[in-house]
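Subject: Structure handover

Hello,

Here is the structure for you to look over. My notes on it follow below.

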Amino acid sequence: MVQDDESVLLKEYLYYYAITLKVGLSSIKEYNIWLDNIFLNEVDNEFLVELEFSSNDINSTIHIIKNLIDPNISRLDFDFIGKLLFKAFEAKYHQDSCILEDLAHQAYSIWNILPHNIANKEPFYTLCYIDDPLSYGDEKQTRELFHKLFNYYGVNH
């Protein structure tokens with residue numbers, strides 16, 4: 001992703017980090033690396049300065065982002081957010097330390113955070129039931145649902 005895209009889609013990245021930090025899909029370290037890169041290009045941006053000061057406090061960071069995003073959430077590019085989100089799910093899915101039940105629970109938690117008009121449309125709606133097959137021992141079906149998400153935006157390489 002080129003720097004210009006990151007600047008144009010700043011709110012989308014911030015929303016992505018807010019929801020993924022909240023459920024543990026991304027790390028504060030990953031977020032801080034991204035924030036530092038953006039901040040170095042916009043050191044006069046008061047909002048980014050505020051985020052920099054709160055960068056090691058997940059709850060404060062999420063609160064600041066939420067206050068910026070909530071009034072304009074309907075204007076976010078959720079296709080772009082979906083691409084980021086499903087790429088993060090795919091990366092975690094392929095880690096040796098990945099526990100499928102935990103990943104499915106994170107997916108459901110993110111579904112609960114999304115605005116209802118977005119959460120109830122595909123591909124995001126899949127997040128609400130991706131863990132259901134695990135309740136009756138069908139790990140294969142949950143894996144198939146994850147692969148469906150990975151492929152939705154052509155995330156899979």
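I start with one aromatic residue. Phe 39 sits in helix α3, which covers residues 28–41. Please note that this is a predicted model. Beyond its neighbours within four places in sequence, Phe 39 is in contact with Leu 48, Val 49 and Glu 52. Its C-alpha atom is 9.2 Å from that of Leu 51, and 12 residues separate the two along the chain.

Now the overall fold. The chain holds 10 helices and zero strands. Its pattern along the sequence is therefore nothing but helix after helix: α-α-α-α-α-α-α-α-α-α.

On size, the C-alpha trace spans about 55 × 35 × 30 Å along its principal axes. The radius of gyration is 16 Å. A compact globule of 157 residues would come out near 15 Å, so the two agree.

Burial and surface come next. Of the 157 residues, 46% count as buried. The chain exposes about 8600 Å². Carbon and sulfur atoms supply 50% of that area.

Contacts also reach along the sequence. Take those between residues at least 6 apart in sequence: 61% of them join residues at least 24 apart.

Next, the second largest pocket. It contains about 170 Å³ of space. Which residues line it? The lining is made up of Tyr 15, Ala 18, Ile 19, Lys 22, Ile 62, Ile 65, Lys 66, Asp 70, Ile 73 and Ile 113. By class, seven of the lining residues are nonpolar, three are charged and none is polar. Two helices, α2 (10–23) and α5 (58–69), each supply at least two lining residues. The largest share is four residues, and α2 provides it.

Helix α2 also holds Leu 21. Is Leu 21 buried or exposed? Leu 21 counts as buried because its relative accessibility is 5%, and the cut-off is under 20%. Setting aside residues up to four places away in sequence, Leu 21 touches Ser 26, Ser 27, Ile 28, Tyr 31, Ile 58 and Ile 62. Of these, Ile 62 is also among the residues that line the second largest pocket. Leu 21 and Trp 111 are 90 residues apart in sequence, and their C-alpha atoms are 14 Å apart in space.

Trp 111 comes up again with a cysteine. Cys 128 touches Tyr 108 and Trp 111, not counting residues up to four places away in sequence. Cys 128 lies in helix α9, residues 126–129. With a relative accessible area of 14%, Cys 128 is under the 20% limit, so it is buried too. What is the C-alpha distance from Cys 128 to Ile 65? That distance is 24 Å, with the two positions 63 residues apart in sequence. Ile 65 is one of the residues in the pocket lining.

One backbone feature deserves a look. Most peptide bonds are trans. The bond that joins Glu 122 and Pro 123 is cis, with omega at about 10 degrees. Where does Pro 123 sit? Pro 123 is in the loop between α8 (116–119) and α9. Helix α9 is the one that holds Cys 128.

Best regards

Notes
Residues numbered from 1 in each chain as written. Predicted model: local features only at pLDDT ≥ 70, side-chain atom pairs only at ≥ 80, totals over all residues. Heavy atoms only, no water. 1 Å grid on protein atoms, 1.4 Å probe; cavity = no way out; pocket = protein on both sides within 12 Å on 5 of 7 lines; lining within 4 Å. Points joined across faces, edges and corners; volume = space filled by probe spheres on them. Nonpolar A, V, L, I, M, F, W, Y, C, P; charged D, E, K, R; others polar. Rg over C-alpha atoms; globule rule 2.2 N^0.38 Å. Buried < 20%, exposed > 50% of the residue type's maximum accessible area, 1.4 Å probe, protein only. Contact = heavy atoms within 4.5 Å. Areas by Shrake-Rupley, 256 points an atom, 1.4 Å probe, with all protein chains shown as cover.
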